[in-house]
Amino acid sequence: MKGRSLAWWLYQPYKYLVVVPVLALDTAVFASIGAIFPFFTRPRTASRLSGVPWARIMAWVTPMRVEVVGREHIDPRQSYVLVSNHQSQYDIFVLYGWLGVDFKWVMKKELRNVLGIGVACDRLGHIYIDRSNHAAAMATLEDAKKKIVDGTSVIFFPEGTRSRSGRLKPFKKGAFRMAIDLDLPILPLTIVGTRDVLPAGTSDLMPGSARLVIHPPVSVEGCTGEDCNRLRDEVRAIIASSLPDGG
């Protein structure tokens, strides 16, 4: 444990005695709400009633302060393909708690089997995809298009996995293909600071602050599959522009 600060040592009892139990209880309660409420109300309403308090409670308990910049770039009636960098598991709390957009995740089908969360995500309309079966994956995405309407968006972490270094990794093309297929604008998002709260691949949780930057939408009007690389590079540059040292 060489190099650990006094603040780190002082935080450990709080982390294990307060944050971890609250996370377990918070997740169990709001996953149950997410699984049950869609029987009585729209998935969009159920998602807001479960996702927002779940995320904000965890941020408050950690504690993590969140600043949002650029909310004026969101049209609540418009659906988007949301594209964000990914540095930490705490990115999910930032997005659920502070973005203010109803969105669906594209998730690998194995997550459907996660106790509680899998059922809740299924009820809330998130999109499970079988990456091992191309035909089934394409059929799932075709069906998913019906959900991405009337202000409901779909979200991607195009890096694929969390960045351990904090540097922006190369982007995959899936989000940009979907944006072109659905003829939906891309809304670039930059999350800053969560890596200092919970670095990828560790349990070194510490209090801190995060910043969510909502950039102006990028139009895909007139784009075809040949424009995927250009869109990918343009959006990556936009997201990187708000990261320390340009990503």
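Q: Which residue is the bridge partner of Leu82 in strand 5?

A: A good way in is the general idea that strands of a sheet pair through backbone hydrogen bonds, either parallel or antiparallel. In this predicted model, the bridge partner of Leu82 in strand 5 is Ile155. Leu82 belongs to strand 2 (residues 81-84), and strands 2 and 5 pair in the parallel sense over 3 bridges.

Q: In which sense do strand 3 and strand 5 pair?

A: Strand 3 (residues 103-108) pairs with strand 5 (residues 153-156) in the parallel sense, over 3 bridges. You can trace this pairing residue by residue: Lys104 has Val154 as its bridge partner in strand 5, and Trp105 has Ile155. Ile155 is thus a handy place to start looking, since Leu82 also has Ile155 as its bridge partner.

Q: What is the strand order of the whole sheet?

A: Follow the pairings from strand to strand and you get an open sheet of 7 strands in the order 1-7-6-2-5-3-4, with mixed pairing. At the edges are strand 1 (64-69) and strand 4 (127-129), each of which pairs on one side only. From one strand to the next, the twist averages 25°.

Q: Which way do the residues of strand 5 point, and are they buried or exposed?

A: The general idea is that in a regular strand the side chains alternate between the two faces of the sheet. Strand 5 shows it nicely: Ser153 and Ile155 point one way, Val154 and Phe156 point the other way, and all are buried.

Q: Which strands does helix 3 lie across?

A: Here the thing to look for is contact between a helix and the strands it crosses. Helix 3 (residues 90-98) lies across strand 1, strand 3, strand 5, strand 6 (186-192) and strand 7 (208-214). Its direction is at about 55° to strand 1.

Q: How many residues of helix 3 are buried?

A: Buried means under 20% relative accessible area. By that test helix 3 is mostly covered, with 8 of its 9 residues buried. They are Tyr90, Asp91, Phe93, Val94, Leu95, Tyr96, Gly97 and Trp98. Just after helix 3 comes Gly100, with a positive phi of about 80°.

Q: How many residues does helix 2 have, and what covers its buried residues?

A: For a helix, compare the span from end to end with the one expected. Helix 2 (residues 43-61) has 19 residues and reaches 27 Å from its first C-alpha to its last, close to the 27 Å expected at 1.5 Å a residue. Its buried residues include Thr45, Ser50, Trp54, Met58 and Val61. Among the elements that cover the buried residues of helix 2 are helix 1 (6-36), strand 1 and helix 3.

Q: Where is Pro63, and what is the peptide bond from Thr62 to Pro63?

A: Look at omega for this one. The peptide bond from Thr62 to Pro63 is cis, with omega near -10°. Pro63 sits in the loop between helix 2 and strand 1.

Q: Which residues lie nearest the centre of the second largest pocket?

A: Rolling a probe the size of a water molecule over the atoms shows where empty space is left. The second largest pocket holds about 290 Å³ of space. Of the 18 residues that line this pocket, Arg48, Gly100, Val101, Asp102 and Phe103 lie nearest its centre. Helix 2 and helix 3 are the elements that give two or more residues to the lining, and helix 2 gives the most, with 4 residues.

Q: Why does Gln87 count as buried?

A: Gln87 counts as buried because its relative accessibility is 7%, and the cut-off is under 20%. Gln87 lies in the loop between strand 2 and helix 3. Leaving aside neighbours within four places in sequence, Gln87 is in contact with residues including Arg162, Ile191, Thr194, Leu198 and Leu243.

Q: What is phi of Asp150 and of Asp183, and are they buried or exposed?

A: Asp150 has phi near 55°, a positive value in a residue other than glycine. Asp150 is in the loop between helix 5 (134-144) and strand 5, and is exposed because its relative accessible area is 61%. Asp183, also not a glycine, has a positive phi of about 55°. Asp183 is in the loop between helix 6 (174-182) and strand 6, and counts as exposed at 54% relative accessibility.

Technical notes. Residues numbered from 1 in each chain as written. Predicted model: local features only at pLDDT ≥ 70, side-chain atom pairs only at ≥ 80, totals over all residues. Heavy atoms only, no water. Pairing = 2+ DSSP bridges. Axes fitted to C-alpha atoms, helices over the stretch in contact; angles between N-to-C directions. Contact = heavy atoms within 4.5 Å. Buried < 20%, exposed > 50% of the residue type's maximum accessible area, 1.4 Å probe, protein only. Expected span 1.5 Å × (residues − 1). 1 Å grid on protein atoms, 1.4 Å probe; cavity = no way out; pocket = protein on both sides within 12 Å on 5 of 7 lines; lining within 4 Å. Points joined across faces, edges and corners; volume = space filled by probe spheres on them.
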